[in-house]
Amino acid sequence: MYSFIISLIVLVLGYFLYGKFVDKVFGPDSKKVTPAISKADGVDYVILPKWKLFMIQFLNIAGTGPIFGAIMGAKFGPSAYLWIVLGSIFAGGVHDYFSGMLSVRHNGASLPDIMGIYVGKRTKSLMLVFSLLLLLLVGTVFVYSPALIFGEMAGDGSQKAILIWVCIIFGYYILATLLPIDKLIGKFYPIFAACLLFMAIALMVCLFIHWPDIPEFWQGLGNKGAAVGLTGMDKQPIFPCLFITIACGALSGFHSTQSPLMARCMENENEGRETFYGAMISEGIVALIWAAVASYFFFDGGAEASGSSLSASAPEVVTKISKYWLGSIGSILAVIGVAIAPITSGDTAFRSARLVIADAFNIDQKPKKNRLFIAIPIFAITLALLAFNIKNEDGFNIIWRYFGWANLALACFTLWAAVEFLLTKKRGAVILVALIPAMTMTSICFAYIATAKIGFGLPIKWAWPVADITFIVCLMNSIIRRVRLRHQEQKNRS
């Protein structure tokens, strides 16, 4: 528990100290007119209060990732705490902040447009396809996964009950995608937030009350799951598996597709740190709490006490521990919170997809018919993916594996856009704010693709050499890029 407390304190301090530093490096300008004012349309460009900006951004990014990912990542032991803390402060927070603030600086631009500005037109085209693929995968997964939870709660978990909830959730997504952002999302999110906050606070209180004997940093950072014989953990080395298992709650490329939504609703650039960096740290805290709860489940008899087994899936861990610690009523609220988390990411995933397409083809989104024109093919593709997911027993896992790969790769691209911004706009060592996480995550991304089954399937022993080579190549490329820019600056002066 002491490692959990230390991690919690460092996360909070990270927001106030490093978050402030990152904000200073970017240099928000309170005098600049934001797109919410210059492009106000009453649909997507709408000024929202600061507290709603934070709340909606937090709910947009906090899907099942910081819950299910943290539970699965907890099997590695206290190394999971380190990745959540360091990832949130130095990678995820930087990633989310720059993706949001670069959008603000460029009139609410979507991620592909930001890539086109800083990385190149070819990358813009690639990111258009890539980000749409990711958003559709997220939307599909986040229709089906909450339907499974609600189907168990409100019915018998049968295929019929699940299909009914799929229809209900899908219908909500259609409305949330088409209506002005302040009409549905802006009104319902505070209610959803209450469930999520209850879940996190209640479980943290239970952790302090029960004070479980969970692994600490000083007991070793090796793979604890493999040491105690947890199923399959002997085949999952910490590098690179931990960094893929816990994405949301540390670093997620999906967040960069969501940040432009709030970039279009900010009245002042000074609201960026609270909205983007603050939401990421808050998600890290949620992930940290669930990692500690799962550590109790896997390492201190929580599975046996709650009437489950060590081979339980992440959703089962949520259900069993919530009921065991919070009772029937508390567990219902906690499970609802877990089910709502993906819904509040799924609805904005489809909304982001609509806006990405609208930006790419310059389609005005104020007329309802234009929104409907874009939304119809988006939802048609989603229905096809849902049909595949339902018909195939392993459909969810197949889609999720590809989402995990796409999510990590997109985060790398976004961080490199931040590097390019700093290279061209700033001087000195501040470039390292984005460069170090960009190089590190690109190395992990290549190591994962090289050794994963959905990639090249190389032996896991190749992970470190691939990562090292990738890191060196990225570093050399950045040095060459910096030298060329300085040479161009000197040439322009002369």
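Me: What makes a residue buried, partly exposed or exposed here?
Reply: Buried means under 20% relative accessible area, exposed means over 50%, and partly exposed lies in between, with a 1.4 Å probe and protein chains only. This is a predicted model, in which local features need pLDDT of at least 70, side-chain atom pairs count only at pLDDT 80 or more, and totals for chains, interfaces and linings use all residues. Residues are numbered from 1 along each chain as its sequence is written, and side-chain values use heavy atoms, without hydrogens and water.

Me: Why is Cys206 called buried?
Reply: Cys206 has a relative accessible area of 8%. The limit is under 20%, so Cys206 counts as buried.

Me: How do you know that Cys445 is in no disulfide?
Reply: A disulfide is a pair of cysteine sulfur atoms within 2.5 Å. The nearest cysteine sulfur to Cys445, that of Cys412, is 4.5 Å away. The structure holds zero disulfides.

Me: Is Cys445 buried or exposed, and what value decides that?
Reply: Its relative accessibility is 7%, so Cys445 counts as buried. Of the 494 residues of the chain, 58% are buried too.

Me: What makes the chain as compact as a globular protein of its length?
Reply: The chain has 20 helices and zero strands (DSSP runs: H or I of at least four residues for helices, E of at least two for strands, numbered from the N terminus). Its radius of gyration, taken over C-alpha atoms, is 22 Å. The globule rule, 2.2 Å times the number of residues to the power 0.38, gives 23 Å for 494 residues; the two values are close, so the chain is as compact as a globular protein of that length.
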